[in-house]
Amino acid sequence: MSLAFNLLNTTASGGRRAEIDLPHQTVETPVFMPVGTAGTVKAVPQDVLESLGAKIILGNTYHLYLRPGHEVIRRMGGLHRFISWPRAMLTDSGGFQVYSLTQLRKVTDEGVRFRSHLDGSSHFFTPEHSMDVQIALGADICMAFDECTEYPADRPRAEESLRLTMAWARRSLDHFRANQHQVSWRAEFNQKTQSLFGIVQGGIYHDLRRESAERLVEMNFDGYAIGGLSVGEPRELTLEVISEVLPLLPKDKPRYVMGVGYPDEIEQYARMGVDMMDCVLPTRAARHALLFTSQGRLNIKNKQYAEDQGPPDPNCDCMVCRRYSRAYLRHLVQCGEPLAATLNSIHNLAYYLGIMQRVRADLAPQPVTR
RNA sequence: GCACAGGUGGCCGAGCGGUUAAUGGCAGCAGACUGUAAAUCUGCCACUCAUUCGAGUUACGGAGGUUCGAAUCCUCCCCUGUGCA
């Protein structure tokens, strides 16, 4: 008893409008999930996230295990309570770190040995360990421990990576099923527990992707993610892989494309039938002074905005655009003021969440006309 | 007034006879960021000409001098800091 997926409408082009009932929140999809790796969506307070309409955010197993430690978080009542986030959460498994910390880890069949990027200490992650940490954290959705395959990966490399991810998916699922009853909030939510998603890998090879999807579906996860994308491959390939994999996934379960994307990408994928997406881009770009607007990219630190009294995006009614000028935002960036990161992040998240809201409206069941 | 220590490109600061248009850092200008080792990284940053390779000009407080060659050595002057009067 973990998750209920209520499909409300499907369009001809494959787009889906649905609701995912999670213990902490009902999430309307397609949904964009802001990334809060270390227990914070960087620079944005939780109450602001709520007012922006964010219904589900991410946390990261690897980072929170290292600091403050999953046992600390367990003792603090779980991640929701620890960071004071009442809505839904999803934790990534650490699989992406197998990819991104390539200089700091060693992969074996058994698991991955990481050297901490914080202090160099050694830590061994297995699928079982990732599940234990994620159960301690207590997010509504957990992710199987995978290896995010890099790009480019030649055929033998993609096969080997897939073999590993599939074996780890099995182990993740078995360990998760055996231990999911331990989640701290189970009694509070009518015996509901966490959900576990499997992750499709296979690089850019369609048959590997297909094999991956089929094997995961057989294992019967609560939802399915497409991973290993947005790791440097051309956009057309990303699109190709998503198009190839989506039809292979069960229609009655959530589909999640991990780590995407630019504003036009998330809109495109959502209209194709992707239910969930997450990306660091809106928040990272914001901290680096790049705003996404209805008129395109806006590098707010550019000199040309020094005396621009207009709002960052004239077509945006977010709390930042309603109140502050481009000139002021640029000034904050120039001064290195922390508020720059906060305001820029709020706008970018508002923009991303706004895109999803529009797409959801478009995908909603239309009133019958006759 | 005397004694030390100094005056280097927008700022700070290396260099102390030749591979120096001058190391670094900051500021400035621009670009990149896709399940966050990222409030990070990359490029440019004297002037003029050239699309590129490049060419030329002016530069290390000022003026002289020594030397094949000076930001670097010498002389005088100006200025700054500290100490003593």
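Which of the 49 residues around RNA strand B come nearest? In this predicted model, the residues that come nearest to RNA strand B are Ser100, Cys148, Ser230, Gly259 and Val280. The points below take up the surface near the RNA, then the two sheets, a hairpin and two helix pairs.

**Surface near RNA strand B**

- Two or more residues are given to this surface by each of strand 5 (56-60), helix 5 (95-100), strand 14 (276-279), helix 11 (281-287) and helix 13 (338-363).
- By class, the residues of the surface near RNA strand B divide into 19 nonpolar, 20 polar and ten charged.

**The eight-stranded sheet**

- Eight strands form an open sheet in the order 4-14-13-12-11-10-6-5, and their pairing is parallel; among these strands, strand 5 and strand 14 also give residues to the surface near RNA strand B.
- Strand 4 (31-34) and strand 5 stand at the edges with a single partner strand each, so one side of each has no neighbour in the sheet.
- From one strand to the next, the twist of this sheet averages 25 degrees.
- Within the sheet, strand 11 (residues 195-200) runs parallel to strand 12 (residues 223-226), and four bridges join the two; Ile199 stands opposite Ala225 of strand 12.

**The three-stranded sheet**

- A further open sheet has three strands in the order 1-2-3, with antiparallel pairing.
- Its edge strands are strand 1 (4-10) and strand 3 (25-29), each of which pairs on one side only, and the twist averages 15 degrees from one strand to the next.
- Six bridges link strand 1 to strand 2 (residues 16-22) in the antiparallel sense, and Phe5 has Ile20 of strand 2 as its bridge partner.

**The hairpin of strands 15 and 16**

- Strand 15 (residues 290-293) and strand 16 (residues 296-299) form an antiparallel pair over four bridges, with Phe292 opposite Arg297 of strand 16.
- These two strands make a hairpin, in which two residues lie between strand 15 and strand 16.

**Helix 6 against helix 7**

- The axes of helix 6 (residues 127-137) and helix 7 (residues 155-179) come within 8 Å and cross at roughly 40 degrees, an angle that makes helix 6 oblique to helix 7.
- The crossing of helix 6 and helix 7 is right-handed.
- On the side of helix 6, the contact is made by Pro127, Glu128, Ser130, Met131, Asp132 and Ile135, while helix 7 contributes Trp168, Arg171, Ser172, His175, Phe176 and Asn179.
- Sorted by class, the contact of helix 6 with helix 7 has five nonpolar, four polar and three charged residues.

**Helix 10 against helix 13**

- Helix 10 (residues 263-272) and helix 13, the latter being one of the elements that give residues to the surface near RNA strand B, have axes that come within 10 Å and cross at roughly 25 degrees.
- Because angles under 35 degrees count as roughly parallel, helix 10 is described as roughly parallel to helix 13, and the crossing of helix 10 and helix 13 is right-handed.
- Pro263, Ile266, Glu267, Ala270 and Arg271 of helix 10 meet Tyr351, Tyr352, Ile355, Met356 and Val359 of helix 13.
- The contact of helix 10 with helix 13 has eight nonpolar and two charged residues, and no polar ones.

Conventions
Residues are numbered from 1 along each chain as its sequence is written. Chains are lettered from A and ligands numbered from 1 in the order in which they are written. This is a predicted model: local features need pLDDT of at least 70, side-chain atom pairs count only at pLDDT 80 or more; totals for chains, interfaces and linings use all residues. A residue is near a molecule or strand if its C-beta atom, placed from the backbone, lies within 6 Å of it. Ala, Val, Leu, Ile, Met, Phe, Trp, Tyr, Cys and Pro count as nonpolar, Asp, Glu, Lys and Arg as charged, and the others, Gly among them, as polar. Axes are lines fitted to C-alpha atoms, for helices over the stretch in contact, and angles run from 0 to 180 degrees between N-to-C directions. Angles under 35 degrees count as roughly parallel, over 145 as roughly antiparallel, 65 to 115 as roughly perpendicular and the rest as oblique. A crossing is left-handed if the near helix is turned anticlockwise from the far one by less than a right angle, and right-handed if clockwise. Two residues are in contact if their C-beta atoms, placed from the backbone, lie within 7 Å. Two strands pair if DSSP finds at least two bridges between them.
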